[in-house]
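Q: Hi! Could you walk me through this model, starting with its cysteines and then how some of its helices pack?

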Amino acid sequence: MGADNQSWVREFILLGLSSDWDIQVALFILFLVMYLLTVLGNVLIVLLIRLDSRLHTPMYFFLTNLSLVDVSYATSIVPQMLVHFLAGHKGIPYVSCAAQLFFSLGLGGIEFVLLAVMAYDRYVAVCDPLRYSVIMHGGLCARLAVTSWVSGSVNSLVQTTITFQLPMCTNKYIDHISCEILAVVRLACVDTSSNEVAIMVSSIVLLMTPFCLVLLSYVRIVSTILKIQSTEGRKKAFHTCASHLTVVVLCYGMAIFTYIQPNSSPSVLQEKLISLFYAILTPMLNPMIYSLRNKEVKRAWQKLLGQLFGLLSKLAT
């Protein structure tokens, strides 16, 4: 077997979730609906924040970034998966697979850092409210957002490059729903211990470090909330953080379970289900969490809907 045949695979075959046609059609309908809800929910959140001046604050600036990341992440995986549910040939070109890995890994990393940034924002809001507007000024918010996007993208570029330098021999069947990094590394016909170390280091830097910063922020936040004398004051402070804390549990929980220990990872089916949860369920739930648990967003929705109904009433008459 020549060197070219050893290292170059023109396309990969994604095995997906099932080979049964009826199940694939049912999954296509289910995930199409979920994807449309994901896109609609996140786009509406971004538009709502843009249209309502009361939401032009650091918290909602970061939420706009989170919504853009979520809808982009889902788009990097779900459309390809939907096509494959109805396709006889479930191939994905080598270059497309590399691109999918780059975008999904990059956007995932951006979200982890962004959630840590949002935790810092909540820490300042609860622990130093009088200086909040001075500390969380526009320049700092922009730099923190840029740091999130750059760090996730750089990590993804490095990981994607070293992953696709591995010789795949004739291995082209990826037992996953997408070109996920652990699934692709498994195809290599050489020792991948160095890649596994790189994934571990990347997970510590871009996943566990932000997670520890989030934990530290919430330890300080909880400590501050417990010192508040009035019950109403404690409730108000808690509600300030409730939406973000819910999203943190969803995002970090699944990612840590999947990536921190590649050698003792869950079964392939569990990996697929976790990836689905992270790729489509979490991005779909995030706008709902912020809409249902956040009074400012509720008021903004009521104001916008009231304006829309008023406009429709005028047009009708």
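A: Happy to; we'll take the cysteines, then the helix packing, then a couple of single residues.

A: One thing up front: this is a predicted model.

Q: Good to know. How many disulfides does a search of the whole structure find?

A: The search turns up 1 disulfide. Its partners are C97 and C179, with an S to S distance of 1.9 Å.

Q: Which parts of the chain does that pair tie together?

A: C97 sits in helix α4, while C179 is in the loop between β3 (173–174) and α7 (181–185), so the bond ties together parts that are 82 residues apart in sequence.

Q: And is the link of C97 and C179 left-handed or right-handed?

A: It is left-handed, with -120° about the S-S bond.

Q: Are C97 and C179 buried or exposed?

A: Both C97 and C179 are buried.

Q: What about C127, where is the nearest cysteine sulfur?

A: For C127 that is the sulfur of C241, 8.2 Å away, and C127 is in no disulfide. The cut-off for calling a pair a disulfide is 2.5 Å between the sulfur atoms.

Q: How accessible is C127?

A: C127 has 24% relative accessibility, so it counts as partly exposed.

Q: And what is the story with C141?

A: C141 is in no disulfide either; the nearest cysteine sulfur to C141 is that of C241, at 16 Å. C141 is buried, as its relative accessible area is 5%.

Q: Let's switch to packing. How do α4 and α8 sit relative to each other?

A: Helix α4 (residues 94–127) and helix α8 (residues 193–227) have axes that come within 9 Å and cross at roughly 15°. The two helices are therefore roughly parallel to each other. In handedness, the crossing of α4 past α8 is left-handed.

Q: Which residues make the contact between α4 and α8?

A: On the α4 side they include F112, L115, A119, Y123 and C127, and on the α8 side they include L206, P210, V214, Y218 and I225. So the C127 we just discussed is part of this contact.

Q: How do the residues of that contact divide by class?

A: The contact of α4 with α8 has 16 nonpolar, 3 polar and 2 charged residues.

Q: Now α4 with α6, at what angle do they pack?

A: α4 and α6 pack at about 150°, and their axes are 7 Å apart. The crossing here is right-handed.

Q: Which residues meet there?

A: From α4, the list includes A98, L101, F102, I110 and V117, and these meet α6 residues including L144, W149, S153, L157 and T160. G109, V113 and Y120 of α4 appear in this contact and also in the one with α8.

Q: What is the breakdown by class for α4 with α6?

A: This contact has 13 nonpolar and 10 polar residues, with no charged ones.

Q: You mentioned T160. What is T160 in contact with, leaving aside its neighbours within four places in sequence?

A: T160 touches A98, L101 and F102. T160 belongs to helix α6 (residues 138–163) and is buried, with a relative accessible area of 9%.

Q: Last one: where is L308?

A: L308 is in helix α11 (residues 295–316). L308 is partly exposed, at 43% relative accessible area. The C-alpha atoms of L308 and C97 are 43 Å apart, with the two positions 211 residues apart along the chain.

Technical notes:
Residues are numbered from 1 along each chain as its sequence is written. This is a predicted model: local features need pLDDT of at least 70, side-chain atom pairs count only at pLDDT 80 or more; totals for chains, interfaces and linings use all residues. Side-chain values use heavy atoms; hydrogens and water are left out. Axes are lines fitted to C-alpha atoms, for helices over the stretch in contact, and angles run from 0 to 180 degrees between N-to-C directions. Helices (H or I, at least four residues) and strands (E, at least two) are DSSP runs, numbered from the N terminus. Angles under 35 degrees count as roughly parallel, over 145 as roughly antiparallel, 65 to 115 as roughly perpendicular and the rest as oblique. A crossing is left-handed if the near helix is turned anticlockwise from the far one by less than a right angle, and right-handed if clockwise. Contact means heavy atoms within 4.5 Å. Ala, Val, Leu, Ile, Met, Phe, Trp, Tyr, Cys and Pro count as nonpolar, Asp, Glu, Lys and Arg as charged, and the others, Gly among them, as polar. Buried means under 20% relative accessible area, exposed over 50%, partly exposed in between (1.4 Å probe, protein chains only).
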